[in-house]
Amino acid sequence: MNKAYDKSARVVCEALGVDLAELNDWNCCGASAYMSIRELRAHLISARNLALAEKEKKDLVVVCPACLTTLTKTNHYMAENPRLKKTISTALKAANLQYYGSVKVRHLLEVIVNDVGENEIKSRIKTSLKDLKVAPYYGCQLTRPFGEVDDPEFPTILDKLLSWIGAKPVNYPLKAKCCGGMLMMTKEDVGLELTKNLLACAKENGAECIATICPLCHMNLEAYQDNVNKHFGTDLKIPILYFTQLIGLAFGFSRKSLGIDDELTPSKALLEKHLEVVR
Amino acid sequence: MLQTQQESKERSITDVFLEDIYSIPGGEKIKECIQCGTCSASCATSYAMDYTPREVIAALRAGLLDRVVKSNTIWLCSSCYYCTVRCPAGVKLTDVMYELKRLAVEFGYVEKRAKAPVVSKLFVDIVDKNGRISEVELVSKFMMKTNPFAALSMMPRAWKLFRRGRMPLMPHRIKGVEELKKSASTIEELSGLHAGTGKTVEA
């Protein structure tokens with residue numbers, strides 16, 4: 001579902017010299033669904049990824065905030081609850097794995113902002129995004145519950161990055177509010193309501209597009225605009241772009257190489273209006 | 001395992017709930033709830049809930065937890081963690097909601113076609129089988145189990161996404177899936193010893 005995110009993240013990381021190595025034989029973290037049915041086995045599948053990363057002596061970088069929170073939660077709960085740690089360790093052992101708790105789980109956004117940093121990013125800008133008004137959308141699980149990446153309610157890390165690449169982050173009061181996540185599947189009227197609020201808030205604050213950092217937020221905001229408009233009689237149309245796609249554009253990569261050709265709400269006209277080669 | 005499940009059914013849902021919640025780090029904070037309602041006011045979906053998050057704890061104290069478990073409340077929690085970060089008493093309400101979802105399934109308090117439990121169980125099945133999730137398998141099985149006719153109304157978007165290469169059809173199975181199953185059965189064995197956190201439910 002998130003081919004464009006995958007593509008653009010790899011392109012941008014390569015340009016920035018961030019050496020990503022895909023975790024060998026990783027498994028799904030289970031997200032919120034697995035934890036809703038089973039508790040211990042939810043921690044087990046998270047712990048397997050942590051154990052695999054520890055074996056390779058690496059930290060884990062994820063692009064999905066649900067992975068971030070799920071894996072971080074298992075990391076913390078195993079450290080804080082010796083009984084849980086014992087149970088999970090015994091289970092991992094059956095698969096010849098072990099986990100000592102040394103892995104840190106990080107979101108790519110935070111790695112790019114904190115490890116790569118402003119100067120390095122600015123030095124690679126080839127195309128101006130000047131005056132492109134972007135609503136920075138963080139959603140839930142990047143900062144909650146742990147607040148390790150940024151403030152749990154008023155994050156600014158994406159705003160900062162957007163201004164580094166020459167875009168103009170608009171005031172976006174709902175930036176850390178929920179898009180509904182899986183509710184779009186299971187309780188559509190509630191999912192549509194939350195998504196409508198996010199789209200309308202971005203429009204009201206003058207945004208021309210919304211930047212996302214999560215594949216599920218992206219799906220809800222991008223692929224359900226027709227349903228929102230039909231349901232509420234609104235006319236909310238706004239392109240949704242991954243933060244990695246915006247960085248890639250600023251670095252002068254083609255839309256195609258960043259996967260900006262598979263949207264349901266096209267951004268082509270908007271980008272053609274704004275993008276300008278600076279060097 | 002069977003015996004454990006029967007035993008847990010004989011215990012009240014409140015007993016099982018409290019034992020499990022207290023085993024979560026910081027779980028005992030639930031005793032310190034002051035009924036201020038910050039959770040309900042912060043919740044993006046409380047407007048649609050039968051019982052708001054604050055009322056969940058009120059119901060627990062009144063011995064009416066089973067009403068909450070049978071209500072739409074728990075399945076409307078999207079795990080956004082707003083309540084958790086804002087609670088002045090430090091109650092981990094999102095974890096409470098997860099626990100209630102698990103109890104609803106374990107105690108059989110969900111309707112056969114209730115969408116949220118169905119999608120969660122299918123998600124678990126697919127991850128157990130392959131080690132990864134396949135969105136196409138998840139959505140198609142979900143539609144078949146809940147409302148096959150509604151699948152038709154989803155076709156236009158599904159087609160658009162498919163045409164744009166946004167719906168990978170081939171599921172991926174991890175190499176370590178058999179090992180993962182061994183770990184999982186170890187958990188099942190251990191959970192008999194650890195009532196409470198060891199609660200595992202057959203999906």
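**A walk through chains A and B**

In this predicted model, let us start with a pair of helices in chain A: α6(A) passes α8(A) in a left-handed crossing. Helix α6(A) covers residues 108-116, and its axis comes within 10 Å of that of α8(A), with the two crossing at roughly 60°. That angle lies outside the ranges for roughly parallel, antiparallel or perpendicular helices, so α6(A) counts as oblique to α8(A). If you would like to find the contact on screen, look for Leu109(A), Glu110(A), Ile112(A) and Val113(A) on α6(A), which meet Ile157(A), Leu158(A), Lys160(A) and Leu161(A) on α8(A). By class, six residues of this contact are nonpolar and two are charged, while none is polar.

Now step back to the chain as a whole. Chain A contains 14 helices and eight strands. Its radius of gyration is 19 Å, close to the 19 Å that the globule rule gives for 279 residues, so chain A is as compact as a globular protein of that length. Along the principal axes, the C-alpha atoms of chain A fill a box of roughly 60 × 45 × 30 Å.

Next comes a sheet in chain A. Four strands make up this open sheet, in the order β5-β4-β6-β7, and their pairing is parallel. At the edges sit β5 (168-169) and β7 (240-242) of chain A, each of which pairs on one side only. Helix α8(A), residues 157-164, which we met above, packs on this sheet and touches β4 (133-136), β5 and β6 of chain A. The direction of α8(A) makes about 160° with that of β4(A). Strand β6(A), residues 209-212, is joined to β7(A) by three bridges, and the two run parallel. Within this part of the sheet, Thr212(A) stands opposite Tyr242(A) in β7(A).

Chain A offers another helix pair to look at. The axes of α3(A) (residues 40-55) and α4(A) (residues 65-80) come within 9 Å and cross at roughly 95°. The two helices are therefore roughly perpendicular to each other. From α3(A), the residues involved are His43(A), Ser46(A), Ala47(A), Asn49(A) and Leu50(A); facing them in α4(A) are Thr70(A), Leu71(A), Thr74(A), Asn75(A), Tyr77(A) and Met78(A). This contact holds five nonpolar and six polar residues, with no charged ones.

Let us move over to chain B, where α2(B) passes α8(B) in a right-handed crossing. Helix α2(B) spans residues 13-23, and its axis comes within 10 Å of that of α8(B), at a crossing angle of roughly 140°. These helices are therefore oblique to each other. On the α2(B) side you will find Ile13(B), Val16(B), Phe17(B), Asp20(B) and Ile21(B), and on the α8(B) side Val96(B), Glu99(B) and Leu103(B). The contact of α2(B) with α8(B) has six nonpolar residues and two charged ones, and no polar ones.

Finally, how do the chains meet? In this model, 57 residues of chain B are in contact with 51 residues of chain A. On the chain B side, the elements giving two or more residues are α6 (73-76), α7 (82-86), α8 (93-106), α9 (115-130), α10 (135-146), α11 (150-163) and α12 (177-193) of chain B. Which of them gives the most to the side of chain B that touches chain A? It is α12(B), with nine residues. Sorted by class, the chain B side has 27 nonpolar, 16 polar and 14 charged residues.

Definitions and conventions
Residues are numbered from 1 along each chain as its sequence is written. Chains are lettered from A and ligands numbered from 1 in the order in which they are written. This is a predicted model: local features need pLDDT of at least 70, side-chain atom pairs count only at pLDDT 80 or more; totals for chains, interfaces and linings use all residues. Two strands pair if DSSP finds at least two bridges between them. Two residues are in contact if their C-beta atoms, placed from the backbone, lie within 7 Å. Axes are lines fitted to C-alpha atoms, for helices over the stretch in contact, and angles run from 0 to 180 degrees between N-to-C directions. Ala, Val, Leu, Ile, Met, Phe, Trp, Tyr, Cys and Pro count as nonpolar, Asp, Glu, Lys and Arg as charged, and the others, Gly among them, as polar. Angles under 35 degrees count as roughly parallel, over 145 as roughly antiparallel, 65 to 115 as roughly perpendicular and the rest as oblique. A crossing is left-handed if the near helix is turned anticlockwise from the far one by less than a right angle, and right-handed if clockwise. The radius of gyration is taken over C-alpha atoms; the globule rule is 2.2 Å times the number of residues to the power 0.38.
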